[in-house]
Amino acid sequence: VEAVHLIADGKAPRIPQSKEGATYEGIQKKENAEISWDQPAAALHNWIRGHDKVPGAWAKIGDQVVTFYGSSLVDASVPAGQELAIKGASRPGLVTKNGLVVFGNDGKMVLVRNLQFEDGKMIPASKYFSADETAALELTEEEKKMAEDIR
């Protein structure tokens, strides 16, 4: 009650908070979220998950910036997959049926489930090499008639 009265009367002490020990880290920027590949797998996983969703940890694949989402540590034998060269990585990643497997400098693996391209298109990492394939939509006669009725 006394504190409320001091505030109401404008007599409450004003003690500025010390900056020492402050833990606030301002808003992360995309340019600061590039993945440094010379780290153990656990550090890579923490970096990717720590930047998931905003701003998104990224690396260059070819000439394109690709953002990595949804990582997990893998404790198994190296899976079969198609190699994918990633700029700065000491070892190419593997596009597998479960996603993109990347390697830390300790030889351990991290599985990345989703990738997003610069144009905003997001795909499952397992579909990286089939991302450009497009299937034509074929309508049945009944669906064509329904489409015409809707028009």
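Tutor: A residue counts as buried when its relative accessible area is under 20%, as exposed when it is over 50%, and as partly exposed in between. This is a predicted model.

Student: Why is His45 called buried?

Tutor: His45 has a relative accessible area of 16%. The limit is under 20%, so the residue is buried. His45 is part of helix H2, residues 41-50. Leaving aside neighbours within four places in sequence, it is in contact with Ser71, Ser72, Leu73 and Val110.

Student: What makes Thr67 buried?

Tutor: Its relative accessibility is 5%. That is under 20%, so Thr67 is buried. Thr67 belongs to strand S2, which covers residues 64-74.

Student: Which side chain makes a polar contact with the side chain of Thr67, and what makes it one?

Tutor: The partner is the side chain of Lys30, at 2.8 Å. A polar contact needs N or O atoms within 3.5 Å, so this distance meets the cut-off. Lys30 is also one of the residues in contact with Thr67 beyond four places in sequence; the others are Gly56, Ala57, Trp58, Asn114, Leu115 and Gln116.

Student: Is Ile123 buried or exposed?

Tutor: Ile123 has 7% relative accessibility. With the limit at under 20%, the residue is therefore buried. Ile123 sits in strand S7, residues 122-124. Its C-alpha atom is 8.8 Å from that of Arg113, 10 residues apart along the chain.

Student: Why is Gln82 called partly exposed?

Tutor: Gln82 has a relative accessible area of 45%. The value is neither under 20% nor over 50%, so Gln82 is partly exposed. Gln82 is in strand S3, residues 82-84. Not counting residues up to four places away in sequence, it touches Gly93, Leu94, Val95 and Phe129.

Student: What about Lys60: which class does it fall in, and why?

Tutor: At 30% relative accessibility, Lys60 lies in between the two limits of 20% and 50%, so it too is partly exposed. Lys60 is found in strand S1. Beyond four places in sequence, Lys60 is in contact with Val65, Ile86 and Lys87.

Student: How many aromatic pairs does the structure hold?

Tutor: There are 3. In one of them, the rings of Tyr128 and Phe129 have their centres 5.1 Å apart and their planes at 90°.

Student: Why is that pair called edge-to-face?

Tutor: The centres must lie within 6.5 Å, and 5.1 Å qualifies; planes over 60 degrees apart count as edge-to-face, so 90° settles the matter. Ring pairs link Phe117, Tyr128 and Phe129 into a cluster. Tyr128 is buried, because its 17% is under the limit of 20%. Phe129, with 36%, is partly exposed, because that value is in between 20% and 50%.

Student: What makes Lys53 a charge over a ring?

Tutor: The charged end of Lys53 sits over the ring of Tyr69, 4.3 Å from its centre. The distance cut-off is within 6 Å, so 4.3 Å meets it. Arg91 lies over the face of Phe103, at 3.7 Å from the ring centre, so it meets the distance cut-off of 6 Å as well.

Student: What joins Asp52 and Lys53?

Tutor: A cis peptide bond, with omega about 10°. Val54 and Pro55 are also joined by a cis bond, with omega about 0°. Lys53 lies in the loop between H2 and S1, and Pro55 is in the loop between H2 and S1. Most peptide bonds are trans.

Student: Which residues of the largest nonpolar core touch the most other members?

Tutor: Of its 22 residues, they are Trp37, Phe68, Ile86, Leu100, Val102 and Leu115. H2, S1 (57-61), S2, S5 (100-103) and S6 (109-116) each supply at least two residues of this core. Another core, of 5 residues, lies apart from it and includes Leu94, Phe103, Met109 and Leu111.

Student: Which residues does the UniProt annotation "domain: Formyl transferase C-terminal" cover?

Tutor: According to the unreviewed UniProt entry, it covers residues 29-130. Over residues 29-130 the chain is 10% helix and 36% strand, with the end C-alpha atoms 30 Å apart.

Conventions. Residues are numbered from 1 along each chain as its sequence is written. This is a predicted model: local features need pLDDT of at least 70, side-chain atom pairs count only at pLDDT 80 or more; totals for chains, interfaces and linings use all residues. Side-chain values use heavy atoms; hydrogens and water are left out. Helices (H or I, at least four residues) and strands (E, at least two) are DSSP runs, numbered from the N terminus. Buried means under 20% relative accessible area, exposed over 50%, partly exposed in between (1.4 Å probe, protein chains only). A polar contact is a pair of N or O atoms within 3.5 Å; within protein, one must be able to donate a hydrogen and the other to accept it, and residues adjacent in sequence count only if both atoms are side-chain atoms. Contact means heavy atoms within 4.5 Å. Rings of Phe, Tyr and Trp (its six-membered ring) pair if their centres lie within 6.5 Å; planes under 30 degrees apart count as stacked, over 60 as edge-to-face and the rest as tilted. A charge sits over a ring if NZ of Lys or CZ of Arg is within 6 Å of the ring centre and within 35 degrees of the ring normal. UniProt positions are given in the numbering used here, feature names are shortened, and annotations may be inferred rather than shown by experiment. A nonpolar core is a set of buried Ala, Val, Leu, Ile, Met, Phe, Trp, Tyr and Cys residues joined through side-chain atoms within 4.5 Å.
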